[in-house]
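Reader: I'd like a close look at one part of this model, taken slowly. Could you walk me through it once it's on screen?

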Amino acid sequence: MAFFLARRLLYLVPVLIAVSLLTFSISSLLPGDLAMTILADQATPENLAALRRDMGLDQPIWQRYFTWLGHIMQGDFGRSFRTGQTVLQALAERLPVSIELMLLAQLGALSIGVPIAIICAARSGGPFDRFMTGTAFALLSVPTFLSAILLIYLFAVELRWLPATGYVPFTEDPLGNLRFMVLPAMTLALAEWPGIMRILRSDMIATLQEDYISLAKAKGLTPARILFVHALKPSSLTLVTITGINIGRLIGGALIVETIFALPGIGRLLVSAILTRDLIILQGVVLLVAAGFVIVNFIVDLLYAVLDPRIRHGHA
């Protein structure tokens, strides 16, 4: 297990370096002049030249990258020229909101997708299986912003059960916080559970055809025990992969959902940084989010080794 962990950590380093290089390159090659954006009305030729020199904007892009990476290695991700906040301060304020949203959405998607997948696999080819498979396929084509608008219209405008926009910190009012988070989390969950259901259903149907499942039936084990003990765990490897990959999808969905529901999370922070050309915030936040996604997938690889001993011993 120690060798497996060391090998995965070794793979992680070049990936993180590539992420940092790609993040810096994309943000640096965006059109426009950062010095002109910062100075605005005070953008005289002398001021522009002085600011470019102070920020290193007059240096080659490769030199700026290594300077920026050196600051990153020291924990200095930069400071917003608009608000004066450091990147870490901005993330510390907004990251809990996005993490709560993604956790609630993932839990909602799993709580819907996993039971339906188990029932569909147990009754493969039946009316319920065909209906839910078709429904999941249809929901995959519904864009996130449309789901958000429909949920707002139904639960906030017509029924008036939940607020349409806004946010209350969990520490101030737990129940109020959950009321504001229900619709955003439901919006993301509706986009995620069809994929979870389809993948787990296919894997469980294949697992239920294995010889050891036939042996378990011959021993007289109950169908529930066969499904939940003998079939679900071997079928969960792909589910673990999908759950890890969904983190990236949830971050992308948060850009839209947090803007629609006025949630002060990292998605809304990124949108604001793009609109105002706050490249310092944009570079730092994108790098940290991308690094977090890479680390989550590293943890998923470790879960593979826990679920399947053949992987950590190198036999599969």
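Which residues lie nearest the centre of the second largest pocket, and how many residues line that pocket?

Author: Keep in mind that this is a predicted model. The second largest pocket has 14 lining residues, and Leu95, Ile99, Met102, Ile251 and Gly292 are the ones nearest its centre. As for room, the pocket holds about 360 Å³ of space. Three elements each give two or more residues to its lining: α5, α11 and α13 (279-307). The top contributor is α5, with six residues. By character, the lining splits into twelve nonpolar residues and two polar ones, with no charged residue.

Now for how two of those helices meet. Helix α5 covers residues 87-122 and helix α11 covers residues 236-260; they pack at an angle of about 130°, and their axes are 10 Å apart. Angles over 145 degrees would count as roughly antiparallel and 65 to 115 as roughly perpendicular, so α5 is oblique to α11. The crossing of the two is right-handed.

On the α5 side, the contact is made by Ser98, Leu101, Met102, Ala105, Gln106, Leu110 and Val114. From α11 come Leu239, Thr243, Asn246, Ile247, Leu250, Ile251, Ala254, Val257 and Glu258. Sort the residues of this contact and you get eleven nonpolar, four polar and one charged.

Two names turn up in both places: Met102 and Ile251 belong to the helix contact, and Met102 and Ile251 are also among the residues nearest the pocket's centre.

Conventions
Residues numbered from 1 in each chain as written. Predicted model: local features only at pLDDT ≥ 70, side-chain atom pairs only at ≥ 80, totals over all residues. Heavy atoms only, no water. Axes fitted to C-alpha atoms, helices over the stretch in contact; angles between N-to-C directions. Helix = DSSP H or I, 4+ residues; strand = E, 2+ residues; numbered from the N terminus. Parallel < 35°, antiparallel > 145°, perpendicular 65-115°, else oblique. Left-handed = near helix turned anticlockwise from the far one by under 90°. Contact = heavy atoms within 4.5 Å. Nonpolar A, V, L, I, M, F, W, Y, C, P; charged D, E, K, R; others polar. 1 Å grid on protein atoms, 1.4 Å probe; cavity = no way out; pocket = protein on both sides within 12 Å on 5 of 7 lines; lining within 4 Å. Points joined across faces, edges and corners; volume = space filled by probe spheres on them.
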